[in-house]
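Me: I should like to learn how to read salt bridges, interfaces and empty space in a structural model. Please take each topic in turn, with the general idea before the case.

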Amino acid sequence: MAAPAVIWLVLFSYIPMGGLLIAFKDYRNNLGFLGSQWVGWRNFTYLFATEAARQITFNTLFMNALFILTTLVASLGVAILLYQIQHHFFARFYQSALFFPYFISYVIVSAFVFAFLSTSDGVINRLFASVGREPVEWYSRPEYWPAILTLINLWKGVGFWSIVYFAGILAINPEFFEAARVDGATGWQVTLHITLPLLMPLIIINLLLSIGRIFYADFGLFYQVTRNQGLLYKTTNVIDTYVFRSLKTTGDIGMASAAGFYQAVIGFLLVLGSNLLVRKIDKEKALF
Amino acid sequence: MQLNQWHRIQKKLGNTSTHLFMAAISLACVLPLILVISSSFSEEADIARYGYAFIPRQFTTYAYEYVFKVPTQIIQSYGVSTFVTVTGSAISLLMMSLIAYVLSRPSFALRKQLSFFVFFTMLFNGGLVPWYIWLTQGLGLKDNIWALVVPYLVVPWYVLLLRTYFAQVPEELLDAARIDGAGEWRIFFQVVMPLSTPALATIGLFCILMYWNDWYLALLFINDAELQPLQYMLYTILTNAQAMAANPMTTGIRMPIATVRMAMAVLATGPAALVFLLVQRYFIRGITLGALK
């Protein structure tokens, strides 16, 4: 019964894992994987001699760190507010509205981001014009994009994560809140001394799991939303977009496979490390 | 007495500001979509003159008429997306449920090993390059409709969720079925599946949206215009005004690029948004299931 999925996993996961060794070859299309020459660490020497290696490592780590922090703070805040809303209908309504962006594909996201940021017709620049400010050419100014992408990532993810934390709050014994209310605790006191401490295990586990994935960037966000604009690479080029562009645009399979190998190995070590810590806190929540 | 009243007022104010705040961010979440919808019903000239706006200055369905004037490409793409979504979700759900059922049974001897075999793929993968080369050259998934289906069939995380859910079906129930002479297949289809409809619905809907929203597989594997799914077709239109000019559907007199883009975005989101509205309740339950596993 498990056979179809097992065969699929071999074909689509395990065989490509072995294919990682391609990073040590001078891959030629006409020679294929087995026929291509071994070249040792040459692809890596080339990759790490470029400015791109430092850039994509920094951008991936920096942007993911920004995303993890902002999403955590915002979704915790929203979850706590949601819990305070007694009215069932409204709680449901807000949840659904916030959750909606989670299901919008990045192609659509890129369409409306363009409607906001287009230099000549965009909402933002028209707004600037109406208060007498100069328009900004958003798609050629890399310095703004960490903030823009953080905002979009937040917009897309906050609904999902606030529901996760909301469920966490619902799982807290309501007697704690009741007792605090009887004792006359204010909303802030309840949040600081009851809600957050009791949510801490869930928060730490989610944080660790995100850190385990910190070497992997959201390709759709960095590729679609920036419209793949070369001028923005300085702040928006991440490992995943670099690998993709090296493979599909410049056709530099050596560089692409070396960067992919680098990501797979460091990413694996990070997942192992974070999972080890998760295991220490709560065995049930560990991935393995 | 007075203090009490003061408290009540304070509480009311707190409640109102909570509602106001939540309403504001809820609005912020749907506002971009309103902008897209509004622009799709606007006059092209108004967008050029006044920019994109949240309310159309002059309401018109011209962009939609334009898209449907020579609708071959869009109908083709709708067809591709529908086929990929329906077959992909069905096969995927079946395959994942089958392996999840095996993993959920304590009586299965290789349970631990097989679990590890599945979950290791969540921890480690070969990355894009070997995967791409193997799929295109080894498995021939290039300009082939199955290239949009097969690479997403098994999602290890969903297998984990299904397994957790199936494990709640009491073993005694299955033993009773076994005593009555039912084989494992029959038990799976006639006992386990019907008892697990909420989980199957949740994962099934996640699959539907995953396939419907996907453009990545097309970006990698599809060059043939006949095989473009909707999202990818939209992507080419969004990124490439020249592609529109070269497209047979743009041979009309006026070429309202900005509004047609937005109309396409509405047409591509429509079905997904509908599915979301109908079943978001299940999604929310599904996430909770995963979060508190």
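Reply: A salt bridge is a side-chain nitrogen of Lys or Arg within 4 Å of a carboxyl oxygen of Asp or Glu. Side chains of opposite charge can pair when their charged atoms come close. This is a predicted model, in which local features need pLDDT of at least 70 and side-chain atom pairs pLDDT 80 or more, while totals for chains, interfaces and linings use all residues. Residues are numbered from 1 along each chain as its sequence is written, chains are lettered from A in the order in which they are written, and side-chain values use heavy atoms, without hydrogens and water.

Me: How many salt bridges are there over all chains, and which residue pairs with A:R42?

Reply: Over all chains the count is ten. A:R42 forms a salt bridge with A:D26, with the closest N and O atoms 4.0 Å apart. This pair links distant parts of the chain: A:R42 lies in helix α3 (residues 42-49) of chain A and A:D26 in strand β1 (residues 25-26) of chain A, 16 residues apart. Helices (H or I, at least four residues) and strands (E, at least two) are DSSP runs numbered from the N terminus.

Me: How many residues of chain B are in contact with chain A, and what area do the two chains bury between them?

Reply: Contact means heavy atoms within 4.5 Å; on that basis 86 residues of chain B touch 81 residues of chain A. Buried area is the accessible area (1.4 Å probe) that two parts lose on being put together, summed over both. Here the value is about 7700 Å², 77% of it on carbon and sulfur atoms. Between chain B and chain A the salt bridge count is zero. Helix α1 (residues 2-40) of chain B gives the most to the side of chain B that touches chain A, with 15 residues.

Me: Where is empty space found, and what is the volume of the largest pocket?

Reply: Rolling a probe the size of a water molecule over the atoms shows where empty space is left. On a 1 Å grid over the protein atoms alone, a pocket is an open set of points with protein on both sides within 12 Å along at least five of seven lines, and lining residues have an atom within 4 Å of a point. Grid points are joined across faces, edges and corners, and a volume is the space filled by probe spheres set on the points. The largest pocket has a volume of about 1800 Å³. Among its 46 lining residues, A:Y83, A:Q84, A:Q86, A:G187 and B:K11 are the closest to its centre. The largest share of the lining, nine residues, comes from α1(B).

Terms used
On a 1 Å grid over the protein atoms alone, a cavity is a set of points where a 1.4 Å probe fits but cannot get out, and a pocket is an open set with protein on both sides within 12 Å along at least five of seven lines; lining residues have an atom within 4 Å of a point.
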